[in-house]
Amino acid sequence: MNRRELLLLGGALTAARTLRAQQKAMSVIGYLSTSSPGPAEPYVAAFRHGLSETGYIEGQNLAIEYRWAEGNFDRLPALATDLVVRKVDVIVTTGGIPPARAAKNATLTIPIVFMGGDPIADGLVASLARPGGNLTGMVFMTAEMVPKRLELLSELVPQAGVIALLVNPNNPVPEPVMRDVQEAARLKGLQLHILKASTESEIVAAFASLVQLHAGAFILGPDAFLNSRREQITTLAALHAVPAIYDFRENAAAGGLISYGPSLTGTWRQAGTYVGRILKGAKPADLPVQQPTTFELVVNLKTAKALGLTVPPSILARADEVIE
């Protein structure tokens with residue numbers, strides 16, 4: 001081999017090493033969601049913001065592989081397996097326990113950061129403070145707040161003797177929470193009916209049942225799919241003139257009457273920072289599962305007026321935001 005050939009070979013080897021170094025520098029995240037790209041866009045943006053706070057920018061030193069179940073929970077195991085086959089560095093799951101469980105069943109080694117659900121009751125982590133294993137994440141505590149939402153709704157619509165709770169049967173409210181909300185309704189002398197919907201058509205049918213039951217108000221149960229259908233649900237609530245309380249401010253901003261829950265964008269941003277820390281070497285087992293520290297009470301006065309309701313001063317005084 002002559003000198004020219006040696007130089008060419010050396011250049012090729014250097015280029016190959018540089019390419020490998022660049023490829024290694026490009027971390028890859030798997031993003032597994034029960035939702036669809038459109039409704040999730042504001043939260044994905046908040047997630048990217050959290051990543052940027054730790055130095056990771058999508059398209060520069062980070063790639064994100066998105067997988068959307070679009071409300072079809074049966075697709076989650078295959079989507080999770082696909083991410084594992086692609087050897088992503090971290091898997092992020094959104095939409096509660098079902099995607100987190102699908103990811104955990106698919107891998108025991110790739111770090112997983114979940115959002116939502118009750119990870120202890122469902123056996124995903126050993127404890128919130130020391131999760132152990134390859135999972136950590138964020139909890140919304142939205143299910144635990146259902147009794148509080150019942151109390152607020154009863155205060156806002158005291159004449160409602162029958163109240164409905166709309167849940168997704170594919171992602172049911174935990175049994176202890178159901179006992180708590182049923183007990184809270186009993187103590188207030190209210191009839192509580194559980195309505196179920198996991199598709200757009202079933203949401204329409206649930207509202208028809210709600211009218212037949214003469215429900216004076218309803219609570220939207222904690223669920224990613226139901227929240228992704230906020231436009232449909234708030235429109236139906238307005239059409240049937242039924243007061244409703246929701247988990248998140250986005251529902252009230254879309255025309256819902258009132259909401260009480262944590263900040264979604266704040267939680268997604270925090271998840272982004274957690275993923276960034278894991279990419280830098282932190283272990284999920286050592287990162288505590290984060291709980292919300294503040295809850296937002298949002299009231300839509302325009303919707304209240306359309307429903308002929310006067311919002312009590314006691315609620316307005318506590319509101320973090322009033323939409324007029």
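In this predicted model, helix α2 (residues 37–53) lies across strands β1 (27–33), β2 and β3. Helix α2 runs at about 155° to β2. A second helix, α4 (residues 97–106), lies across β1, β3, β4 and β5. Its angle to β3 is about 155°. Strands β1 and β3 thus appear in the lists for both α2 and α4.

The strands under these helices belong to one sheet. Five strands form this open sheet, in the order β2-β1-β3-β4-β5. The pairing is parallel. Its edges are β2 (62–68) and β5 (135–138), each of which pairs on one side only. On average, neighbouring strands of the sheet are turned by 20° against each other, direction ignored.

Within the sheet, strand β3 covers residues 90–94 and strand β4 covers residues 112–115. The two run parallel and are joined by four bridges. In this pairing, T93 stands opposite F114 in β4.

Aromatic contacts were also examined. The structure holds 10 aromatic pairs. One of them is formed by Y31 and W68, whose ring centres are 5.6 Å apart. The ring planes of Y31 and W68 meet at 50°, so the pair is tilted; planes count as stacked under 30 degrees and as edge-to-face over 60. Y31 sits in strand β1 and W68 in strand β2. The two residues are 37 apart, and the pair links distant parts of the chain.

The interior was then searched for enclosed space. One cavity of 30 Å³ or more was found. The largest cavity holds about 50 Å³ of space. Its lining consists of T234, A237, A238, V242, A244, Y246, G255, G256, L257, T303 and L307. Two elements, α9 (230–239) and β9 (244–246), give two or more residues to this lining. Helix α9 provides the largest share, three residues. By class, seven lining residues are nonpolar and four are polar. No charged residue takes part in the lining of the largest cavity.

Methods. Residues numbered from 1 in each chain as written. Predicted model: local features only at pLDDT ≥ 70, side-chain atom pairs only at ≥ 80, totals over all residues. Heavy atoms only, no water. Pairing = 2+ DSSP bridges. Axes fitted to C-alpha atoms, helices over the stretch in contact; angles between N-to-C directions. Contact = heavy atoms within 4.5 Å. 1 Å grid on protein atoms, 1.4 Å probe; cavity = no way out; pocket = protein on both sides within 12 Å on 5 of 7 lines; lining within 4 Å. Points joined across faces, edges and corners; volume = space filled by probe spheres on them. Nonpolar A, V, L, I, M, F, W, Y, C, P; charged D, E, K, R; others polar. Phe/Tyr/Trp six-rings, centres within 6.5 Å; stacked < 30°, edge-to-face > 60°.
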